[in-house]
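Subject: Structure for you to look at

Dear colleague,

I am passing on the structure we spoke about, together with some notes on what was found in it. Please open the model first and keep it beside you while you read.

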Amino acid sequence: MPTVQDFRGYISRTKLKAADQGASIAELSVEGILSCVPGSSRDDMPLCLEAMRAEAQVGDKTVKARYGNKKTNLTIAYQV
């Protein structure tokens, strides 16, 4: 089972990769992160959401936010 640190690490690596490729933002969704972090499932969504919020800094933008039992989704455009 992944930890918040595992999700934060994935987000950080993705932002670094985007910067290396010349991008100015890395747009990440909770669904996308869950599908890329080994061993994660929808049950890990609270940890992933916590990591996404922890990695957000001034200037990052929430693209989509929806919270509910089965329809939770969050997408953040992180500046890189």
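What percentage of the 80 residues of the chain count as buried? The share that counts as buried is 39%. Please keep in mind from the start that this is a predicted model, and that the values below were computed from it.

**The chain as a whole**

The secondary structure comes to three helices and three strands, and, if you follow the chain from the N terminus on, the elements run in the order α-β-α-α-β-β. The C-alpha atoms fill a box of roughly 35 × 25 × 15 Å along the principal axes. A compact globule of 80 residues would have a radius of gyration near 12 Å, and because the chain has 12 Å, the two agree. Of the contacts between residues at least 6 apart in sequence, 57% join residues that are at least 24 apart. The accessible surface comes to about 5000 Å², and 51% of that belongs to carbon and sulfur atoms.

**The sheet**

The three strands form an open sheet in the order β1-β3-β2, with antiparallel pairing. In this sheet β1 (25–29) and β2 (61–66) stand at the edges, and each has a single partner strand, so one side of each is left without a neighbour in the sheet. Neighbouring strands are turned by 10° against each other on average, if direction is ignored.

Strands β1 and β3 pair in the antiparallel sense over five bridges, and on the other side five bridges join β2 to β3, which also run antiparallel. If you would like to trace the pairing residue by residue, you can look for Ala26 opposite Tyr78 in β3, Leu28 opposite Ile76 in β3, and Ser29 opposite Thr75 in β3. For the pairing of β2 with β3, you can look at Lys61, which stands opposite Ala77 in β3.

Which residues of β1 point to one face and are buried, and which point to the other and are not? The side chains alternate along this strand, with Ala26 and Leu28 pointing to one face and buried, whereas Ile25, Glu27 and Ser29 point to the other and are not buried. Strand β3, for its part, is mostly covered, since six of its seven residues are buried.

**Helices against the sheet**

Helix α1 lies across β1 and β3, and it runs at about 145° to β1. Helix α3 packs on the sheet as well, where it touches β1 and β3, and its direction makes about 25° with that of β3.

**The nonpolar core**

In soluble globular proteins, nonpolar side chains tend to be buried together. Here the largest nonpolar core has 17 residues, and those with the most contacts inside it are Phe7, Ile11, Val30, Ile33, Cys48 and Met52. At least two residues of this core are supplied by each of α1 (4–20), α2 (30–36), α3 and β3 (73–79), and the largest share, five residues, comes from α3.

Two of these core residues can be followed in more detail. Phe7 is found in helix α1, and it counts as buried because its relative accessibility is 0%, where the cut-off for buried is under 20%. Leaving out residues up to four places away in sequence, Phe7 touches Pro2, Ile33, Leu34, Val37, Ser40, Asp44, Leu47, Cys48 and Ala51. Although Phe7 and Leu47 are 40 residues apart in sequence, their C-alpha atoms are 7.7 Å apart in space. Met52, again without its neighbours within four places in sequence, is in contact with Ile11, Leu28, Ser29, Val30, Ile33, Leu74, Ile76 and Tyr78.

**A residue at the end of α3**

Is Glu55 buried or exposed? Glu55 lies in helix α3, which covers residues 45–55, and it is buried, because its relative accessible area is 9% and buried means under 20%. Apart from residues up to four places away in sequence, Glu55 touches Arg8, Ile11, Ser12, Lys15, Asp60 and Tyr78.

With best wishes for your reading

Notes
Residues numbered from 1 in each chain as written. Predicted model: local features only at pLDDT ≥ 70, side-chain atom pairs only at ≥ 80, totals over all residues. Heavy atoms only, no water. Helix = DSSP H or I, 4+ residues; strand = E, 2+ residues; numbered from the N terminus. Buried < 20%, exposed > 50% of the residue type's maximum accessible area, 1.4 Å probe, protein only. Contact = heavy atoms within 4.5 Å. Core = buried A, V, L, I, M, F, W, Y, C linked by side-chain atoms within 4.5 Å. Pairing = 2+ DSSP bridges. Axes fitted to C-alpha atoms, helices over the stretch in contact; angles between N-to-C directions. Rg over C-alpha atoms; globule rule 2.2 N^0.38 Å. Areas by Shrake-Rupley, 256 points an atom, 1.4 Å probe, with all protein chains shown as cover.
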